[in-house]
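Student: Could you walk me through this model? I'd like to start broad and then get into the details.

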Amino acid sequence: MTTTQRILDLAAAAPASHGEDLVLLLGEANELYQQGLQDLHREVVERLSGLATSDLMFAVETAGMPCDASQGRAEVILLLALVEWEMTPAAMAFMEMAEAAARRGVCLIPEE
């Protein structure tokens, strides 16, 4: 099963889940979200390796992400990967799941 399919399955199961079960689903989906972003980041690094840093910065600014000259090449590429990842079905499903869980009072950040 792919990362995307598993996140979509978790997101589909989330509305019927409550309490600790929802926290567990959200935690697994968060791990898969992070894994998906890391995998895509590696692909983006390879794909953009030949571009000049100024071209990368222009692409980040065009995508609407905050960027300035103090950011290094690696950080700029990470921003581009994040922009691309956030448009995937897996990322969108996770964000919807997390937002719906938060409206129900459930999140992964422990209360103090």
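Tutor: We can go through the overall fold, the salt bridges, a helix pair and the nonpolar core. This is a predicted model, where local features need pLDDT of at least 70, side-chain atom pairs count only at pLDDT 80 or more, and totals for chains, interfaces and linings use all residues. Residues are numbered from 1 along each chain as its sequence is written, and side-chain values use heavy atoms, with hydrogens and water left out.

Student: How many helices and strands does the chain have?

Tutor: Five helices and zero strands, where helices (H or I, at least four residues) and strands (E, at least two) are DSSP runs numbered from the N terminus. The C-alpha atoms fill a box of roughly 50 × 35 × 20 Å along the principal axes.

Student: What share of the residues count as buried?

Tutor: Of the 112 residues, 34% do. Buried means under 20% relative accessible area, exposed over 50%, and partly exposed in between, with a 1.4 Å probe and protein chains only.

Student: And what about contacts between residues far apart in sequence?

Tutor: Among contacts with a separation of 6 or more, 62% are between residues 24 or more positions apart. Contact here means heavy atoms within 4.5 Å.

Student: Switching topic, how many salt bridges turn up in the whole structure?

Tutor: The search finds three, counting a side-chain nitrogen of Lys or Arg within 4 Å of a carboxyl oxygen of Asp or Glu. One of them joins E28 and R6, at 2.8 Å from N to O. E28 is in helix α2 (residues 19-47) and R6 in helix α1 (residues 3-13), so this salt bridge ties together parts 22 residues apart in sequence.

Student: Are those two side chains buried, exposed or partly exposed?

Tutor: E28 is partly exposed, at 30% relative accessibility, and R6 is partly exposed too, at 29%.

Student: Which other pairs are there?

Tutor: D39 pairs with R42, with the closest N and O atoms 2.4 Å apart. These two are three residues apart in helix α2, so about one helical turn separates them. R47 also forms a salt bridge with E84, again with 2.4 Å between the closest N and O atoms. That pair links distant parts of the chain, with R47 in α2 and E84 in helix α4 (residues 73-86), 37 residues apart. E84 is partly exposed, at 27% relative accessibility.

Student: OK, helix packing next. How do α3 and α4 cross?

Tutor: The axes of helix α3 (residues 53-62) and α4 come within 9 Å and cross at roughly 35 degrees. Axes are lines fitted to C-alpha atoms, for helices over the stretch in contact, with angles from 0 to 180 degrees between N-to-C directions.

Student: Which residues make the contact?

Tutor: On α3 they are T53, L56, M57, A59 and V60, and on α4 they are R73, V76, I77, L79 and L80. By type, the contact has eight nonpolar residues, one polar and one charged.

Student: Last one: which residues touch the most other members of the largest nonpolar core?

Tutor: V60, W85 and M97 do, in a core of 32 residues. Such a core is a set of buried Ala, Val, Leu, Ile, Met, Phe, Trp, Tyr and Cys residues joined through side-chain atoms within 4.5 Å. Two or more residues come from each of α1, α2, α3, α4 and α5 (89-103), and α2 gives the most, with nine.

Student: What does V60 touch?

Tutor: Leaving aside residues up to four places away in sequence, V60 touches M65, P66, C67, V76, L79 and L80.

Definitions and conventions
Nonpolar A, V, L, I, M, F, W, Y, C, P; charged D, E, K, R; others polar.
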